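Visitor: Before we begin, could you show me the model, and then take me through its features one at a time, giving the general idea before the particular case?

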Amino acid sequence: NVQNVVQIWNVSTSELIHTLDSASDKNVSGWNDEVNEILFSNDGKYLEVTGTLAYSTYVNIWELSSGTNVLSFENADSCTVKISPNGSDYAVASTDSIDIYQFGNDTPITNLDIKNTTQIKYSPDGHFLAAGTGNIISIFNLVDGSTLEKVYGKEIDFSPDNSVFAT
């Protein structure tokens, strides 16, 4: 992050492809204080940028081929966002709940009633979502909305074949 922008570079040629600047577009939420997280979607189509400005968290999702911002919002509470492995939807965790949205739709398709979530992670196939709250990890089945498991742990990862998870 240079001067509050995010730059996208070609690894092979070192060519600058895009400069993503929240301050240059009035429709994009800003991150003037700090960029906290940058994550590519598994399919490589999107980049999620989370940052802070004063006491608010700003989340932006950019479509990489064009450099276009496709989602921008501010949350006064601490929040985290993860794009699903297939790139069709994304999860937003805040202090009140986890909402799952499809790109292009402002209404959540799923709401998970879990408070004070500090981390979320999709399984590789996107059928499960792990949510961490303090020392408890909850595993949700996104196909039917059920809670599968609550276990002690601070970190979680799913195996590539979705058969096991580790905390």
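Guide: Gladly; please keep in mind throughout that this is a predicted model.

Visitor: Let us begin with the pocket: which strand gives the largest share of the lining of the largest pocket?

Guide: The general idea is that rolling a probe the size of a water molecule over the atoms shows where empty space is left. Here the largest share of the lining of the largest pocket, four residues, comes from S11. At least two lining residues each are supplied by strand S3 (34-40), strand S7 (80-83) and strand S11 (119-122).

Visitor: How many residues line the largest pocket, and which of them lie nearest its centre?

Guide: The lining has 17 residues, and Leu39, Lys82, Ile83, Lys121 and Tyr122 are those that lie nearest the centre of the pocket. By class, eight of the lining residues are nonpolar, six are polar and three are charged. The space in this pocket comes to about 350 Å³.

Visitor: What is the make-up of the protein in helices and strands?

Guide: The protein has zero helices and 16 strands. Of its 167 residues, 44% are buried, and its accessible surface comes to about 9100 Å², with 47% of that belonging to carbon and sulfur atoms. Among contacts between residues at least 6 apart in sequence, 27% join residues at least 24 apart.

Visitor: Turning to the interior, which residues form the largest nonpolar core?

Guide: A nonpolar core is read as a set of buried nonpolar residues joined through side-chain atoms within 4.5 Å. The largest one in this model has 12 residues, namely Ala91, Ala93, Ile98, Ile100, Leu112, Ile114, Ile120, Tyr122, Leu129, Ala131, Phe140 and Leu142. Two or more residues of this core come from each of strand S8 (89-93), strand S9 (98-102), S11 and strand S12 (128-133). A second, separate core has 11 residues, including Ile61, Val81, Ile83 and Tyr90. Tyr122 is worth marking on the display, since this core member is also listed among the residues nearest the centre of the largest pocket.

Visitor: With which residues is Leu112 in contact, leaving aside its neighbours within four places in sequence?

Guide: Leu112 is in contact with Ser97, Ile98, Ile100, Leu129, Phe140 and Leu142.

Visitor: Is Val59 buried or exposed?

Guide: A residue counts as buried when its relative accessible area is under 20%. Val59, whose place is in strand S5 (residues 56-63), has 0% relative accessibility and therefore counts as buried. Leaving out residues up to four places away in sequence, Val59 touches Glu48, Val49, Thr50, Leu71, Ser72, Phe73, Cys79 and Val81. Its C-alpha atom is 8.2 Å from that of Thr80, although 21 residues separate Val59 and Thr80 in sequence.

Visitor: Where does Glu37 lie, and what does it contact beyond its neighbours within four places in sequence?

Guide: Glu37 lies in strand S3 and, because its relative accessibility is 24%, it counts as partly exposed. Its contacts beyond those neighbours are Glu48, Val49, Thr50, Thr80, Val81 and Lys82. Between the C-alpha atoms of Glu37 and Val81 the separation is 9.7 Å, with the two residues 44 apart along the chain.

Visitor: How should I read a loop residue such as Ser88, and what does it touch beyond residues up to four places away in sequence?

Guide: Ser88 is found in the loop between S7 and S8, and it counts as partly exposed because its relative accessibility is 33%. Beyond those sequence neighbours it touches Tyr101, Gln102 and Phe103. The C-alpha atoms of Ser88 and Phe103 are separated by 6.2 Å, while the residues themselves are 15 apart along the chain.

Visitor: Finally, what is the phi of Asn116, and what is that of Asn162?

Guide: As a general background, most residues other than glycine have a negative phi. Asn116 has a phi near 55°, which is a positive value in a residue other than glycine, and Asn162 has a positive phi of about 65° although it is not a glycine either. Asn116 sits in the loop between strand S10 (110-112) and S11, whereas Asn162 lies in the loop between strand S15 (157-158) and strand S16 (165-166). Asn116 counts as partly exposed because its relative accessibility is 47%, and Asn162, at 21% relative accessibility, also counts as partly exposed.

How values were computed: Residues are numbered from 1 along each chain as its sequence is written. This is a predicted model: local features need pLDDT of at least 70, side-chain atom pairs count only at pLDDT 80 or more; totals for chains, interfaces and linings use all residues. Side-chain values use heavy atoms; hydrogens and water are left out. On a 1 Å grid over the protein atoms alone, a cavity is a set of points where a 1.4 Å probe fits but cannot get out, and a pocket is an open set with protein on both sides within 12 Å along at least five of seven lines; lining residues have an atom within 4 Å of a point. Grid points are joined across faces, edges and corners, and a volume is the space filled by probe spheres set on the points. Ala, Val, Leu, Ile, Met, Phe, Trp, Tyr, Cys and Pro count as nonpolar, Asp, Glu, Lys and Arg as charged, and the others, Gly among them, as polar. Buried means under 20% relative accessible area, exposed over 50%, partly exposed in between (1.4 Å probe, protein chains only). Contact means heavy atoms within 4.5 Å. Accessible areas come from the Shrake-Rupley method with a 1.4 Å probe; for residues, only the protein chains shown count as cover.
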